[in-house]
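Open the model in your viewer and keep the selection panel at hand. Follow the stops in order.

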Amino acid sequence: MRLTATLWLALGLALPLAAPAADGDYPTRPVRMIVGFAAGGITDITARQMAEEMSQVLGQAVVVDNRTGAGGNIATAELARAQPDGYTIMLASPGQLVVNPLTQKSVGFDPKTKFTLISLVNESPFVFVVPASSRFKSVPELVAWGRANDGMLSFASPGMGTTMHIAGEMLQVFAGIKAVHVPYRGGAQSTGDLVAGRVDFMIDSLGAVASQVQAGQLKVLAVAGSERLPQFPGVPTLSEMFPDFIASSWLGVVGPPNMSPSASALLIKAVERGARSPRYVETIEKRGSRTAALGPQAFAAHLDKERGRVERTVVKAGLKLD
């Protein structure tokens, strides 16, 4: 059952019924791209790369503005209050648009807010990894052991409410097992303890664990994306075992509610061209990411599926992160 019938509207494509018209010469000054996380992190790095590509189309600088705190809620709340003239946008994460509104009572803005969707900019399929010394050779083997040993499995994540945490909770719901969540203060700590065998498994982006996989410290038992990865053609997807199990990280550009149609159109063009830039594609692929389906309609469809899967997990697991 849906948590609410209207909460999904916060993720829909805004229809600017009474938005102020953008200047016909838009943009005439720099565009601000809010990022809800600290400088130097993957969201910030991606934002700066995308901003550089977008500026080539817009003819104006796109300036990244880090507004950190509350799992991205501070940035999202600021975007909700911004003028819809196209001069304030945000590079959004799954937590900001999907997880936080479903797991927190107060996010600092009205969850019914209809943000203007511009486009996804990348997607990072997750992989299911275990220590190289793990007794488990496959996910079905791990699940069977977990069912026979209720609550004895443990999984790591970089923190409560992260997409990696939700992915682990999803596995419990889809596979019918109970595992102990061990949250850490960042990816380096969670990956380090997984390598050391202090936890049993983790579901994280390939880019986050690639060096440990290449070094033979971690084993990839499954891919959490919609299809097998060319790097691991013999490794099955989790959806082959559990239909509709998809877990990934992604980033997308959004604007305030009721953004000017003319500004939206130009921003869509700028993001789509930037996401197809060979330089941008090369850099994200090195991090284990890939270009996602582009445009606002694809973004809306993606969010609909994401929210359905996460909501199913949140309801069954009873997750509340306040």
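The tour goes from confidence to the cores and ends at one helix.

**Stop 1: confidence.** This is a predicted model. Colour it by pLDDT. The average for the protein is 89, and 92% of the residues score at least 70. Now select residues 1-22. Here the pLDDT is below 50. The stretch still has 58 contacts in the model beyond near neighbours in sequence. Where pLDDT is low, predicted coordinates should not be read in detail.

**Stop 2: the largest nonpolar core.** This core has 52 residues. Select Leu97, Phe128, Leu171, Phe201, Ile203 and Phe245; they touch the most other members. Next, show helix α5, residues 163-175. This helix supplies eight core residues, the largest share.

**Stop 3: Phe245.** Centre on Phe245 and display its contacts. Leaving aside residues up to four places away in sequence, Phe245 touches Ala167, Met170, Leu171 and Phe174. Ile203, Ala224, Leu238 and Ser239 complete the list.

**Stop 4: the second core.** Select Val31, Met33, Val35 and Ala275. They are among the 29 residues of a second, separate core.

**Stop 5: helix α7.** Select residues 206-214. Which residues of α7 are buried? They are Leu206, Val209, Gln212 and Val213. These four lie on the same side of α7, because they cover an arc of only 125° around the axis. Now add what surrounds them. The cover includes β4 (116-131) and α6 (187-195). It also includes β7 (201-205) and β8 (218-223).

**Last stop: Gly216.** Move past the end of α7 to Gly216, which follows the helix. Check its backbone: phi is positive, near 80°.

Key: Residues numbered from 1 in each chain as written. Predicted model: local features only at pLDDT ≥ 70, side-chain atom pairs only at ≥ 80, totals over all residues. Heavy atoms only, no water. Buried < 20%, exposed > 50% of the residue type's maximum accessible area, 1.4 Å probe, protein only. Helix = DSSP H or I, 4+ residues; strand = E, 2+ residues; numbered from the N terminus. Arc of directions from axis to C-beta. Contact = heavy atoms within 4.5 Å. Core = buried A, V, L, I, M, F, W, Y, C linked by side-chain atoms within 4.5 Å. pLDDT = per-residue confidence, 0-100.
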